[in-house]
Amino acid sequence: MSTSDTPYESIKIELARIQRNCLYAAQGYFEAAKSAEQWGRLMVFIPACVTAICSLLVAVKVGPEIVFSGLGAVSGAIAATAAFLGSPKTAADHLASARAYTALKNRADTEISLMTDASELAVLEVRTRELSADYVRITSTDTPMANKFYEKAQQRIQQGAAE
């Protein structure tokens, strides 16, 4: 049988679909992880800096101490809350999803590249079904991401910046 026969072509189409979906999902999750990490750092760093500046101004007795003390306390609470709520966990979850999709894409790449006229149809079908089941497993357990990250990923892929 040649790879132009219907069963082989169907398998190749399915593997290419898994490959493409994984590429877009992985890139989207990489974008989401990068954004979550930056946002998490800013939500801790900026209020912590405001707290430090307010404390310094109170210590050297510059300006109204009550205002700077209150502002410092509120900024400190914001920084502590942001650190506690764990945007690093969100970034780690997104990064884990991106890596899982990348690994699955690489497995699909391998199956496509090893596919020949001599490939056994039953073995190809089993491997394709396994990859498809893995894709469903990953999508059912990953943390949802905002559409803007998928759109950013789509732009990067179309520009050739991510493959």
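**Figure 1. Lys-34 and Glu-31 both sit in helix 1 (residues 6-59), three residues apart, which is about one turn of the helix.** Helices (H or I, at least four residues) and strands (E, at least two) are DSSP runs, numbered from the N terminus. The model is predicted: local features need pLDDT of at least 70 and side-chain atom pairs count only at pLDDT 80 or more, whereas totals for chains, interfaces and linings use all residues. Residues are numbered from 1 along each chain as its sequence is written, and side-chain values use heavy atoms, with hydrogens and water left out. A salt bridge joins Lys-34 to Glu-31, with 3.5 Å between the closest N and O atoms; the term requires a side-chain nitrogen of Lys or Arg within 4 Å of a carboxyl oxygen of Asp or Glu. Lys-34 counts as partly exposed because its relative accessibility is 40%, while Glu-31 counts as buried because its value is 3%. The cut-offs are under 20% relative accessible area for buried and over 50% for exposed, with partly exposed in between (1.4 Å probe, protein chains only).

**Figure 2. Glu-31 also meets the side chain of Lys-152 in a salt bridge (3.6 Å, N to O).** This pair connects distant parts of the chain: Lys-152 belongs to helix 5 (residues 147-158) and Glu-31 to helix 1, with their positions 121 residues apart in sequence. Lys-152 counts as partly exposed, because its relative accessibility is 41%. Glu-31, Lys-34, Lys-152 and Arg-156 are linked in a network of salt bridges. Side chains of opposite charge can pair when their charged atoms come close.

**Figure 3. Glu-111 and Arg-127 form a salt bridge, their closest N and O atoms being 3.6 Å apart.** Distant parts of the chain are linked here as well: Glu-111 is in helix 3 (residues 87-114) and Arg-127 in helix 4 (residues 121-141), 16 residues apart. Glu-111 has a relative accessible area of 14% and is therefore buried. Arg-127, at 38% relative accessibility, counts as partly exposed. The structure holds eight salt bridges.

**Figure 4. Ser-75 is shown in helix 2 (residues 65-85).** Its relative accessibility is 7%, so Ser-75 counts as buried. With neighbours within four places in sequence left aside, Ser-75 is in contact with Pro-47, Val-50 and Thr-51. Contact means heavy atoms within 4.5 Å.

**Figure 5. His-94 is shown in helix 3.** A relative accessible area of 6% is why His-94 is classed as buried. Not counting residues up to four places away in sequence, His-94 touches Tyr-29, Ala-32, Ala-33, Thr-143, Pro-144 and Met-145.

**Figure 6. Thr-90, in helix 3, is paired in this view with Thr-143, the two C-alpha atoms lying 8.1 Å apart.** In sequence, Thr-90 and Thr-143 are separated by 53 residues. Thr-90 counts as partly exposed because its relative accessibility is 34%.

**Figure 7. Lys-61 lies in the loop between helix 1 and helix 2.** Phi of Lys-61 is near 55 degrees, a positive value in a residue other than glycine. Lys-61 has a relative accessible area of 62% and is therefore exposed.

**Figure 8. The whole protein has five helices and zero strands, in the order α-α-α-α-α along the sequence.** Along its principal axes, the C-alpha trace spans about 85 × 30 × 20 Å. The radius of gyration is 24 Å, whereas a compact globule of 163 residues would have one near 15 Å; the radius is taken over C-alpha atoms, and the globule rule is 2.2 Å times the number of residues to the power 0.38. Of the 163 residues, 31% count as buried. Contacts between residues at least 6 apart in sequence join residues at least 24 apart in 86% of cases. The protein exposes about 9900 Å², of which carbon and sulfur atoms supply 61%; accessible areas come from the Shrake-Rupley method with a 1.4 Å probe, and for residues only the protein chains shown count as cover. The mean positions of the 16 positive and 17 negative charges are 9 Å apart. Lys and Arg count as positive and Asp and Glu as negative, with His and the chain ends not counted; each charge is placed at NZ of Lys, CZ of Arg, CG of Asp or CD of Glu.
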